[in-house]
Amino acid sequence: MRNTFSILIVLFASLAGAAEIHPPAQVSAGNSITIPSSGSGDATFYLLGPTMANKRKVQAGSDITVDSEQLEHAGVYTAVLCASDGCSSARFLVNPAAPNRLSFLVHPSRVPVDSPNRISAVAFVQDNFHNFVLKPEAVKFSVQPKDGKEISAMRNSENGVAWVRLSSAKKEGPARLGASIGKANEVRIVQQVAADACNLRIKASRAKKDFVIETDPVKDCSGNSVPDGTVVSFTKMDATGKATVDVPIKRGVAKVELPIQGQAKITVASGVVTGNELEVAGGE
Amino acid sequence: MKRVLPLTLAVLTVALIIIAWFQSGGVERRALQSASTPQQAARLMLSQIQSHKFDAAYNRLANRNEVDENSFIREFTGSYGSLLTISSLEGFDVGVLHATDEEATVRAKFHYATGVGPLDDTRDLTLQRTGDTWKVVWPVDSRAKLPPQVIPVNYLRWDVISRGSSDDWGVQNVDSPQVRIVSMNAIQRPDSVVLVGEVVNEDSVPAYVNVGATLLGPNDEELAQESSFDKIAHTLLPRQVSPYRIDFPNMRLDKIKNVRMDAKALLIAASADPVIAIDQQKLETDALGKKVLSGKLTNQSGQIVSIPHVIAAYYDSNGKVIWVSDGYVAQALLPQTPVPFAVDLPPDVAKNVQTYRVIVNHFELTT
């Protein structure tokens, strides 16, 4: 309905030879403009933009001021002036303002250590009014590992989007990923976590009445401690049958107390990783 | 003639009342009042339990001096939020195993209706003759009670703060956990197609996991879609592996060209506590002649586990998962107190089982 109305106004304005308006060909978003007009007497001014339509009474022949709030959205605008002798129209372009905002998407939020090109960081460049800045702009990406120096690189945006792919470090811990342009400086945290357990080993010792089976500190192949809470499965086979316990790692090790009858075989696994096998002799 | 009609109606009414009495089990009820045989005595006591006449049932025990009444009642009504607290005794069967003039053994099969489906319990009860009647010798609970104490628990707990609704677009959210289906095997059963396998949480955070499957026909059309429902441990801690089973009733394997698997994972708050040990696992034949995997669950922490759920994966000699069975345990797991469990296994599968792995899932009743 609004489109039909706009088309009718513009069509009517173009057919009628009347008071004219001369807006600037291009404007930056968020700036007010003054549109000179010709003719005389009372007139009606229409401003049609990508997300708005405005109508007000003006004097033909005077300068028409358009507030900055009315020109915040980038796109093609049409100004129409209708006086007693007819209507005239003119189109002008509102361009995005200087880049000053970023929408920064980083994925994933957790990543195993030593994973090549696993982290994706994408920045969407916008001006203060959320208009995408489509012309190429330099975005500064930075990475700061825990207890490490910041590394940065510039990437030009294409159609408002700049991106970079990163590999995770060999050491676990949070990494700060940043993207900045203008006054915008967005930071995201990526947790670099230990990979699968490596060289999973168990040892057994006698407790008061049972055996204590304990892992060595559980680490991945890069030497990072596997996080507490990670489940380690112990399996015991002895004269009484089979026993299994899923135990979460606590302070770096997983520990379980098992009663053992006669000769027993004990195995350990975490996820799809298996560890060593123990044979112990308990009471009869 | 005037009296014929009222008389006929009166006779008819009496006849209908007698028929109704028979129809509603009047004969059985009458028989249940008696305890002159071991079977009658057991049926009488169980019928009193079924109708929640626990005092009357307790009074029929031969060893009341050894059995606490409240403990006896709790065996049927449950405690600590166990499965029996949301169950009712729907029915029972009683059969005499052997009997002498003074003592008899009867096998009682209890059929419960529970919040998670039917639950069967089988017990062999000893009965003794006392004068003209028989009384049940109720098994005395010999489990050692854990003395009051403080058990320090310092396992990890994970809490999650997600992106708020007022946060700007592009503000980073925490990703869903990475889970992976590590095995899948499609099996033709007499009345269904069953998918069994295992799924692992590969992430460093806990995951709420559900495995779904879609069966595709010769032209890639969808034949059926199902999920693992409760045949899986939904909450998986980091690197934890759970078996899963998906049943497709009334489906034939030869009609299926492809299977589309889908493992969905959500990040959830979870605790690494409680740790439950599964001891004395054995594949055996139970008293009813069924193949079962039995064992004992021991809650190693201080928190009471209300409803334990046992899930077992069975492997053949090639290490392939050939079956997954599960079962709920009626009793709550008190700290450090072993509780027996048994899960069924089809006999044709049992002969091919080389090894197995059992995990325990648990549910709590929230008020």
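Visitor: In E14(B), which residue is the bridge partner of Thr244(A)?

Guide: Residues are numbered from 1 along each chain as its sequence is written, while chains are lettered from A and ligands numbered from 1 in the order in which they are written. The model is predicted: local features need pLDDT of at least 70, side-chain atom pairs count only at pLDDT 80 or more, and totals for chains, interfaces and linings use all residues. In E14(B), the partner of Thr244(A) is Ile278(B).

Visitor: Over how many bridges do E21(A) and strand E14 of chain B pair?

Guide: Strands (E, at least two residues) and helices (H or I, at least four) are DSSP runs, numbered from the N terminus. Two strands pair if DSSP finds at least two bridges between them. E21(A) and E14 of chain B (276–285) run antiparallel, and their bridges number three.

Visitor: Which residue of E14(B) stands opposite Val245(A)?

Guide: Thr244(A) is bridged to Ile278(B). For Val245(A), the residue opposite in E14(B) is Ala277(B).

Visitor: In the seven-strand sheet, what is the order of the strands?

Guide: The sheet is open and its pairing is antiparallel. Edge strands E24 of chain A (273–281) and E18 of chain B (339–344) each pair on one side only. Neighbouring strands are turned by 20° on average, direction ignored, with axes fitted as lines to C-alpha atoms (for helices over the stretch in contact) and angles between N-to-C directions running from 0 to 180 degrees. The order is E24(A)-E23(A)-E20(A)-E21(A)-E14(B)-E15(B)-E18(B).

Visitor: Which element gives the largest share of the side of chain A that touches chain B?

Guide: 29 residues of chain A are in contact with 30 of chain B; contact puts C-beta atoms, placed from the backbone, within 7 Å. Strands E8 (101–107), E15 (184–193) and E21 (241–248) of chain A each give two or more residues to that side. The largest share, eight residues, comes from E21(A).

Visitor: How many residues of the side of chain A that touches chain B are charged?

Guide: Ala, Val, Leu, Ile, Met, Phe, Trp, Tyr, Cys and Pro count as nonpolar, Asp, Glu, Lys and Arg as charged, and the others, Gly among them, as polar. This side has 13 nonpolar and ten polar residues, and the charged ones number six.

Visitor: In the five-strand sheet of chain A, what is the order?

Guide: The sheet is open and the pairing is mixed. E1 (26–28) and E4 (53–59) of chain A each have a single partner, so one side of each is left without a neighbour in the sheet. The twist averages 25° from one strand to the next. The order is E1-E7-E6-E3-E4.

Visitor: In E6(A), which residue is the bridge partner of Tyr46(A)?

Guide: E3 (42–48) and E6 (75–83) of chain A run antiparallel, joined by six bridges. The partner of Tyr46(A) is Val80(A).

Visitor: How far apart are the C-alpha centres of domain 1 and domain 2 of chain A?

Guide: Chain A is divided into domain 1 (2–95), domain 2 (101–193) and domain 3 (197–281), with bounds from an automatic or database assignment. Five residues of domain 1 are in contact with four of domain 2. Their centres lie apart by 42 Å.

Visitor: What is the radius of gyration of chain B?

Guide: The C-alpha atoms of chain B fill a box of roughly 90 × 65 × 55 Å along the principal axes. The globule rule (2.2 Å times the number of residues to the power 0.38, with the radius taken over C-alpha atoms) gives 21 Å for 367 residues. Chain B is well over that, so it is more spread out than a compact globule, at 27 Å.

Visitor: In chain A, where is confidence lowest?

Guide: Chain A averages a pLDDT of 88, on the predictor's confidence scale from 0 to 100. Strand E13 (161–166) of chain A is highest, at 95. The lowest, at a mean of 52, is helix H1 (2–15) of chain A.

Conventions: Contact = placed C-beta atoms within 7 Å.
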